[in-house]
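Colleague: Please take a close look at one strand of this model and then place a few other features around that account. Give the cut-offs as you go.

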Amino acid sequence: MEQIDWGNIGFGYIKTDYNVRCRFSNGGWGDLEIHDTEYLNLHMAATCIHYGQEVFEGLKAFRGQDGKIRIFRMKDNALRMLDSCAGTLMAQLPIDKFEEAVLKAVKLNERFIPPYESGASLYIRPFLFGTGPQVGVKPADEYLFIVFVTPVGPYFKGGFQTTPFVIMREFDRSAPLGMGKYKVGGNYAASLVAGQKAHELGYSNIFYLDAKEKKYIDECGAANFFGIKNNTYITPKSSSILPSITNKSLMVLAEDLGMTVEERRVAVEELETFEEAGACGTAAVISPIERIDDYDEKKSYVFSPDGKPGPVCEKLYNKLRGIQYGDEPDTHGWVTVLE
Ligand SMILES: Cc1ncc(COP(=O)(O)O)c(C=O)c1O
């Protein structure tokens with residue numbers, strides 16, 4: 001195998017040896033198949049292409065100091081995918097099949113799991129899409145589920161760092177009764193222009209407000225938001241955000257640390273009162289926020305004047321990463337150790 005410089009890989013696609021597939025046809029799921037090609041032979045009228053019948057997931061496997069491979073909260077991703085499939089009228093993959101496919105894909109590509117010291121990990125991408133042809137707007141009668149894996153570098157190359165974010169009211173990601181709570185491809189297409197503008201302006205990503213009133217925080221880029229004040233972890237409750245598995249984990253860890261947890265609406269003005277703030281998701285665990293600029297109101301909310309992550313963000317980050325890499329005990333049963 002060509003030598004991979006584990007410490008210097010980014011979040012890109014690196015080819016691995018195998019992907020695992022499962023087909024749905026004639027009303028049922030088939031057996032898992034192992035493939036070594038990265039390509040698909042797809043009907044040009046497949047519903048995934050025309051009508052967006054596509055859902056995906058993202059999770060990671062970590063190599064511990066003890067050499068063991070750990071996969072984080074795989075069942076929660078399986079459940080979220082079931083939900084996304086229900087929201088797009090797609091065939092629902094049984095949880096055990098999802099788990100079996102993920103384990104197989106990781107095992108077959110074990111040589112691509114980065115060493116513990118690198119801080120890198122193996123990103124796992126399960127996805128499911130309509131392959132059956134339709135011309136009218138209707139769900140397909142055939143589906144394909146695939147899991148591929150690819151090694152990804154540490155999110156923070158120069159150590160745990162803060163970055164700035166921006167509120168821009170000219171963009172919505174999803175509607176209150178729309179698709180925001182599902183992990184469907186269309187949501188990401190809808191975020192590309194806004195993300196590009198935020199990057200061009202020098203920000204890590206955009207903060208979306210609730211599309212109806214433009215009053216409350218929804219989420220930021222492809223991550224949930226949380227704020228910290230008075231020993232309390234506060235995160236938005238909204239029907240248009242993705243239920244982040246990282247956020248769910250951080251809420252439990254915050255309680256373990258003796259903090260109060262509040263999941264409720266968070267008005268933009270409340271940003272003023274937070275001692276710390278962060279964006280959370282599988283990619284970074286926590287991306288601590290230096291400041292949030294309100295582009296329209298010409299106002300800044302600063303959380304980290306010295307650019308350093310706050311103590312609560314740091315504690316939560318270390319705790320969750322510790323569990324993922326096996327340095328901390330898995331007291332909540334979140335980790336699957338690869339046999
Ligand atoms: C829109 C969106 N919000 C939040 C998240 C964070 O979710 P998780 O913690 O499950 O990765 C993601 C990433 O998956 C996302 O795409």
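Colleague: How many of the ten residues of strand β8 (residues 143-152) are buried?

Modeller: Nine of the ten residues of β8 are buried, so the strand is mostly covered, where buried means under 20% relative accessible area, exposed over 50% and partly exposed in between, for a 1.4 Å probe and protein chains only. The model is predicted, so local features need pLDDT of at least 70 and side-chain atom pairs pLDDT 80 or more, whereas totals for chains, interfaces and linings use all residues. Residues are numbered from 1 along each chain as its sequence is written, and side-chain values use heavy atoms, without hydrogens or water.

Strand β8 has two antiparallel partners to consider, β1 and β7. (Strands are DSSP runs of E with at least two residues, helices runs of H or I with at least four, both numbered from the N terminus; two strands pair if DSSP finds at least two bridges between them.) With β7 (residues 121-130), β8 shares ten bridges. On that side, G130 has Y143 of β8 as its bridge partner. With β1 (residues 19-25), β8 shares five bridges. There, V20 stands opposite V147 of β8.

Two backbone angles deserve a check elsewhere. Most residues other than glycine have a negative phi. L89 departs from this with a positive phi of about 50 degrees. L89 sits in the loop between α2 (74-87) and α3 (95-108), and its relative accessible area of 60% makes it exposed. V285 also has a positive phi, near 70 degrees, and is not a glycine. Its setting is strand β16 (residues 285-294), and at 5% relative accessibility V285 is buried.

The remaining item is internal space. A search of the whole structure finds one cavity of 30 Å³ or more; on a 1 Å grid over the protein atoms alone, a cavity is a set of points where a 1.4 Å probe fits but cannot get out, and lining residues have an atom within 4 Å of a point. The largest cavity holds about 90 Å³ of space. Its lining has 13 residues, and L59, F72, T246, T282 and Q324 are the closest to its centre. Both β5 (59-63) and α6 (245-256) supply at least two lining residues each. β5 gives the largest share of that lining, with three residues.

Definitions and conventions: On a 1 Å grid over the protein atoms alone, a cavity is a set of points where a 1.4 Å probe fits but cannot get out, and a pocket is an open set with protein on both sides within 12 Å along at least five of seven lines; lining residues have an atom within 4 Å of a point. Grid points are joined across faces, edges and corners, and a volume is the space filled by probe spheres set on the points.
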